[in-house]
Amino acid sequence: MSTNWTRTTCPYCGVGCGVLARPTPDGGAEIKGDPDHPANFGRLCSKGTALGETLSLDDRLLTPEIAGERATWNEALDLVARRFGETIAEHGPESVALYVSGQILNEDYYAANKLVKGYFGTGNIDTNSRLCMASSVAGHKRAFGTDTVPGCYEDLEIADLVVLVGSNLAWCHPVLFQRLAAARETRGTRVVVIDPRRTATCEIADVHLALKPGSDVALFNGLLSHLAARGLIDGDYVSTHTSGFYTALTTAQAIDVAEIAKVTGLSRSSIFDFYEMFGKNERVVTVYSQGVNQSSAGTDKVNAIINCHLATGRIGRPGMGPFSVTGQPNAMGGREVGGLANMLAAHMEIDNPDHRRITKEFWQSPRIAEKPGLKAVDLFRAVGEGRIKALWIIATNPVDSVPEADAVKAALALCPFVVVSEVSRATDTMAFAHVALPAAAWGEKDGTVTNSERRISRQRAFLDVPGEARPDWWQVSEVARRMGFGAAFAYAGPDDIFREYAAMTGAGEGRLRDLDLSELADIASQGYADLAPFQWPRPGAGSAAGELRNGPKRFFAEGGFYTPDRRARFIATPYRPPASETSRAFPLVLNTGRIRDQWHTMTRTGKTARLTSHYAEPFLEIHPEDALAYGLRPAMIAEVASANGRVLVRTIVTERQQRGCVFVPMHWTDQVSSRARIDTLVAGNTDPVSGQPESKFTPVSVRPFKARWYAFATTTAKPDLASFDYAALAPVAGGFRVEIASSAPHDDWTALARSVLLGPAAPATASLIDYVDAASGQHRFALFDGARCLGLLYVAKCPVPTARNWAIDQLGAELSDIDRLQVLAGRPGAAAQDRGATVCACFGVGRKEIITAIVDKGCTTVAAVGDCLGAGTNCGSCRSEIAGLINEARIAEAV
């Protein structure tokens, strides 16, 4: 374990922020942003800032296990190698598969891809990145010939107009949002947000186009038609560097503005104003993310956007271009090293015979996959149908994150052999592992990752590897060795793998390539250890790069695309509606996505009270008129159902949602909630080109859950959630908080209090005091050891109105007799303050505190609130919400 600061890279989103980390004696780490890293220049978001609080070992898988019993590495690896070998021998290579993750490093990805495609001889390795950016990959390849991101982060800061499509940048890529917000403040950058929801990102928007879900293609087809009608096509660029323009334009012109207004739900004037704004600003960047990609028409959405940039020649020049921002820290790297089922390493294609030959010769492998493998949704369907008989899952949690999640669960239960390489034993997928392999986590492993602007950075270890955990590349290589492929996987460390991969990017004489790292093929081990962040193409590599050799690299300003004739392809993108339709049974459209302070299925972010304080339970956002129509009131538990399943979540009534649409976040699992796995509802409809599922459009119904009683508790003991219809658990300082609702009658409330508040470690001297109001159905309990508060439970017939943050603050406190009565009342006395729901997680500043500062203390700017309370002055992730509260106060004052 190092005691010095280590330069590493954040393990969350695709921004790829540089982090400085230093271990602390308690097993955590000091964390700060790396001021020298070009992605963030020292900035971090709320998740990155809290990384040091997520390193506990309490849920870690620390030894190999077979059938739930501890095993040696030799026993576990021998079994994996034997079962995969026997399955291939008996049923052929198409009967096995790996499902991996954008969380693993380039070196891990490369080794796994090599084993499956070059030695198993199947394309059946796919990644959870299929769920977030596969449509962008497909769109790039159709237009450019390769999966090349043309621009870089700097473009957001020097553009005159930034269009954000299906991107809640403020919550999902907060550091990029901060860079954009700073540019808007200093140079007046105009911002358009195109999103069905009014998200936190809209706080900096000059225009918010709240279009209907799934209608993006129609909107951008109209833009292409408008640009042509206004004479804004760059004829020289189009004629010299592209093909297919008139076919794409004719297709776009098939839908007129009146029809576009009908399809999108936008007014004709707002559509026209957006088109004019795009046309008049040469320096325009269109940033898009999951709202575009996660669609049954995702690839067409990507190409409709790219068409507009190609038509105007606004690509590859400073402040111009289409820009896909990826969701995971190494989603981009996985694309580069061949982690997708339809790709080989180094941006080569399985469908291309020359690429297969080059790959096989370079690897000197006995075989090579002859066709693309199964993509994520189809892969798990094949498991359920018995076609995949041995499956290795690495660093991901498909029981919760893949559409039709209950079908995934059932498929894994039927699969003859499942291996799970994982950091945490507390995942819903781990229950189906015949073999569990303990993996090294962030802070313990070494390698590289690639961010959304093609910048490769090092992840470096600063902690000792606990127990018997091992890196993923090592696990893959050891299985390969046991299957007889040891000579090809004789890696001493990740630097060996990086050198091989770098050499492979230069393989194939005369091959057109955007990605060429071959100058690093001979990098020394110390050079790899010291490798600074760099963006490809490196100077001197890649003939089609832009002319900016001393700054950020851009592609395609002067053409040089990676198609056979070096011309970009315009792609005709006729509008087609989403694959599913609403109906009388399922009249609303469900959208899923991330929230500000959580990540994926919360195996890391769910460990720290700081990050769970913003939203501590799963929720439904619904428009007030829809809530009224379906009988939902604020804080009620709602049942949300689709043709595939149902979930129970807390109701938030808000005009952030448009009518007919609802939003539920993706993060909650059976580990921390009951009945809140939202992907149980999402259908497995996929884009026909990319195979990416449609996570933004699921027809659902909503109705009130008929709860007989509700409860809120905060306790030092971790309660069991299994017996409750609705329950959501989150850590707090010194213990836990839990929300409960049940449809079952209950008579013995004291027994309930004991089951929730008394854990096995509770002292024998603990005593329970209570307050009962039988007429109103309220029951309140407090557990003490002497004067120290060990837990509080509040029960009511309606959603419990207790001041939650204040109640949580009492946990572990020494309370006087008067204070004990106060906690039973469930609200602070005159001398105490109810902070309200947390807005600033860094400093624990609540909504009520901020409103008081705005209304009573005259804090009318985000900076003034920061000066008064500290909120928004650390990571900055909450600034858009503070701005929203200031705007609400202004509107209220005007009314």
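How many helices and strands does the protein have? In this predicted model, the count comes to 30 helices and 34 strands. The radius of gyration is 27 Å, close to the 29 Å that the globule rule gives for 895 residues, so the protein is as compact as a globular protein of that length. Below is a quick tour, going from the whole chain down to one pair of helices.

**Overall dimensions and burial**

- If you are planning a box around the model, the C-alpha trace spans about 85 × 70 × 55 Å along its principal axes.
- Of the 895 residues, 64% count as buried.
- Among contacts with a separation of 6 or more, 71% come from residues 24 or more positions apart.

**How α17 and α19 are arranged**

- Helix α17 covers residues 376-384, and helix α19 covers residues 405-414.
- The two helices pack with their axes 8 Å apart, at an angle of about 45°.
- Angles from 35 to 65 degrees fall outside the parallel and perpendicular classes, and α17 and α19 are therefore oblique to each other.
- The crossing of α17 past α19 is left-handed.

**Which residues meet there**

- On the α17 side, the residues in contact are Phe380, Val383 and Gly384.
- Their partners in α19 are Val408, Ala411, Leu412 and Leu414.
- Sorted by class, this contact of α17 with α19 holds six nonpolar residues and one polar residue, with no charged residues.
- The polar one is Gly384, because Gly counts as polar in this classification.

How values were computed
Residues numbered from 1 in each chain as written. Predicted model: local features only at pLDDT ≥ 70, side-chain atom pairs only at ≥ 80, totals over all residues. Heavy atoms only, no water. Axes fitted to C-alpha atoms, helices over the stretch in contact; angles between N-to-C directions. Helix = DSSP H or I, 4+ residues; strand = E, 2+ residues; numbered from the N terminus. Parallel < 35°, antiparallel > 145°, perpendicular 65-115°, else oblique. Left-handed = near helix turned anticlockwise from the far one by under 90°. Contact = heavy atoms within 4.5 Å. Rg over C-alpha atoms; globule rule 2.2 N^0.38 Å. Buried < 20%, exposed > 50% of the residue type's maximum accessible area, 1.4 Å probe, protein only.
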